[in-house]
Amino acid sequence: MTTEPGSDRLLDQLWAKSARPTSPPAPGHRAERLTEHCRTTADAGRLIAARISGAGVLASFPRFWPLVCYACLLHDAGKIAQGFQRQVHPGGGRWGERHEVLSLAYVQLLTGHLDSDERALVAAGVGLHHRWLRSAYGTGALRDLYPPTAAWERKFGYDPHSPPGQPHGQVPVGCHDALLHWYATQLGLDIPPSGGAKLWQRARDQFTELLDTWDTTVCAETGLLAVLFQGAVTLADHSASAHVRLQTHLPLRRDYCDRLPYRPHPHQQAASETEGHLIVVAPTGSGKTETGLIWAARQLSTMPGQPRVVWTLPYRASINATARIFTRTLQPAPGESAPEIGILHGAAALTVLADAVNDASTATAEAARQATARTGAMRLFAQRFRVATAYQLLLGAIAGPKYSSVLLEQANSLVILDELHAYDPQTFGRICAAMRLWEQLGSRVAVLSATLAPPMVELIRQTLDQPVTVHRAPTGTAPDRHRLVLDEQPITDPRSLDIFRRWLVAGHSVLLVANTVATAQELYRMLAPDARHPGRADDPDAAILLHSRFRGRDRNAIEQRLLARHGERQPHTRPRRGGLVVATQVVEVSLRLDFDRGATELAPIEAVAQRAGRVNRLGLHPEGPVEYRVHRGDDRPYDRQSLEAAWNALRAAPGPTISEQTIDTWLSLAYQTPWGKGWDHRARESRDAFTRDFLTFTDPFTDREEYARGLRESFDTVEVLLEQDRSEYQRLTAGPDGHALLGADLLIPITYRQWQRIGSSAGAIGKDRHIPVIDVPYSEETGLQLDAARPATTSPSTETIL
């Protein structure tokens, strides 16, 4: 098949992307040919296919990936329209029509040899890679933009009364012939005969067929395939647009277990011999993180393609600390100095992901910002090892142009759920529902915890169809580390404070854990002067406060100071320095800290045990078991019944020495109460409801983005920006080289209720003004001072963000 004379010249004139405006002009920011972009997108589709392969449900559809590459090649064919071409050239106005709808004409021309089901998938991938098909929320769904009464000929054919600056005809014959010839060559097809229906008629007819197929209820399996197909095309488009290739290197070596610098613990050795789903229950400090990596390395040889590792954590504040651990310990790619670990959390990442779907291709700063957003989004997807929150994974259930790629990336993965016990029953149930879907997608799950109660283990085992192996660290894995003291007095009571002061005077390192940020700040103000006594007046780390209500960059700096001063005690190390650390729940996960003494407010029983794990962490304190105090106090922010169950369990098995068996007894006692039985019931209800409402894709292309807001609110989090940081945020996120990820470290998470109380006191910022700006006192030492904020309503808020 030869190229027609003049075809290359005509194809050179068809652009898919405008040149990014930079000053001075930068190399690599040239305009991109339409054929170049389509070929690059198809190549990206092949890389995605190599990564996911025939995992899970895809094993029954061997044509899935060839059809994805077919759709990738055709997805932007409609950009041939002269209205679009003027749009991407400097000075061109916005066309106003959807290029992917015109692309459907080429689907009709080039898929006649496919059966109807295959053609329906290709049409969905091409026509729906930017917008929903149907929406009840006025979001510009294609069915609303192109109703049966639409003037198809004027939109995509010939308009004798076109607006000023717009062409009368959309597709010149010569350009169409050249592009059709190129597509046929790429696909190995004969060139379709000329004549017959006009291009706009073909687009209309294929769009009608798209509606007939997908604007109705389909079976769950077909709907899931359709959503995965959409995700594959959008992900390939992101990759090609950003010029960011999917990485093939996995920082985790298959012989990870053999390379440990010590003899594996029994539960680690057992994990190295386990194929399939796994639950590991082991004490804090016994190598749970390494156990998860050992298990993941073991699975690699028995899975298709190039599996990803997705490490999930309950608290966003823990993600960066965990990623740093992996950066230090895993294997970099050849020629690199450190492994690349993907980090996905927070509203900034979601903003970048959402922006990447948009297709404002005019040669403007907005186009430049979106090009940068696509690059940022692909940096979130490119790595084969990612650290994320469960919330980010659950968002894949929203599907659609924005989130279907998130769902697809959960296929053929090794999902490690660290500290799964930390979630409320509703979220725990939703995660169980997601586990079932991950299993359908060919993924495997490992759950790691020191405090996984029996009902949690049973719920996971009953949710998954494949066997779940449970390994518990044998008795004696960790030495006895604590002497429990129960105190009816609040942690802020003067008598309690006197105890903590005596610890500090004795030179101990002291950890105090509060349930709310407000209490933590109060404790810090009262005790920091004692920690900084005259002998430590010049010691900046003698007293440190850690909670989630810091800017991201300030919290990261605090974590580094904590690890430098209060890291794990090792044998034969020099005497440690004392000092005070006051923290909230964020200290429970990922930070490998070790203190001489500790006290906590009463919390759910798992949290009480987890907080103890930061005191005499490895049992190497020269005194043996050390004092760990639990103080009663305010119920906030927890359910009162959960605290009563915890207190009664602590009193029933008080020790005084806390052993691994003691913690197991606490868990068993707490979950045998009416509260524990209610927890189990709510978790099961949540699992089933989330499966029914979100994970059954019988209407795969109906807009569900309103549910995304509800899901965000159920995690009780909104990220805000300080008024004093507004100009810096704008500098980092605006312009050709700015995007939301660069400003992420300026954002502070608070609860929705707190936000509603103070309001957006200084307006909002960001795309669609979705980030509230607040004018509230803040310091790098103590964080956000919400108690000093002027309330927008009279209802007080006492909740804290985890």
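This is a short tour of one helix pair, the nonpolar cores and a single loop residue in a predicted model.

**Stop 1: two helices.** Start by selecting residues 34-52, helix H2, together with residues 64-74, helix H3. Their axes lie 7 Å apart and make an angle of about 160°. Angles over 145 degrees count as roughly antiparallel, and H2 and H3 are therefore roughly antiparallel to each other. Turn the view and you will find that H2 passes H3 in a right-handed crossing. To see the contact itself, show the side of H2 that includes Cys38, Ala42, Gly45, Ile48 and Ile52, then add Trp65, Cys69, Cys72 and Leu73 of H3. By class, this contact has 9 nonpolar, 2 polar and 2 charged residues.

**Stop 2: the cores.** Keep Trp65 on screen and add Tyr106, Tyr183, Trp214, Met435, Ile460 and Trp666: these have the most contacts inside the largest nonpolar core, which has 201 residues. Next, colour residues 220-242, helix H11, which gives the most to this core, with 10 residues. Now centre on Met435; beyond its neighbours within four places in sequence, Met435 touches Leu417, Leu420, Val445, Val447, Ile460 and Leu464. For a second, separate core of 34 residues, pick Leu250, Ala282, Met303 and Ile416, which are among its members.

**Stop 3: a loop residue.** Finish at Thr302, in the loop between helix H13 (288-299) and strand S4 (308-313). Is Thr302 buried or exposed? Thr302 falls in between: it is partly exposed, with a relative accessible area of 31%. Leaving aside neighbours within four places in sequence, Thr302 is in contact with Glu275 and Arg444. Draw a distance from Thr302 to Glu275, 27 residues apart along the chain, and their C-alpha atoms come out 8.1 Å apart.

Notes. Residues are numbered from 1 along each chain as its sequence is written. This is a predicted model: local features need pLDDT of at least 70, side-chain atom pairs count only at pLDDT 80 or more; totals for chains, interfaces and linings use all residues. Side-chain values use heavy atoms; hydrogens and water are left out. Axes are lines fitted to C-alpha atoms, for helices over the stretch in contact, and angles run from 0 to 180 degrees between N-to-C directions. Helices (H or I, at least four residues) and strands (E, at least two) are DSSP runs, numbered from the N terminus. Angles under 35 degrees count as roughly parallel, over 145 as roughly antiparallel, 65 to 115 as roughly perpendicular and the rest as oblique. A crossing is left-handed if the near helix is turned anticlockwise from the far one by less than a right angle, and right-handed if clockwise. Contact means heavy atoms within 4.5 Å. Ala, Val, Leu, Ile, Met, Phe, Trp, Tyr, Cys and Pro count as nonpolar, Asp, Glu, Lys and Arg as charged, and the others, Gly among them, as polar. A nonpolar core is a set of buried Ala, Val, Leu, Ile, Met, Phe, Trp, Tyr and Cys residues joined through side-chain atoms within 4.5 Å. Buried means under 20% relative accessible area, exposed over 50%, partly exposed in between (1.4 Å probe, protein chains only).
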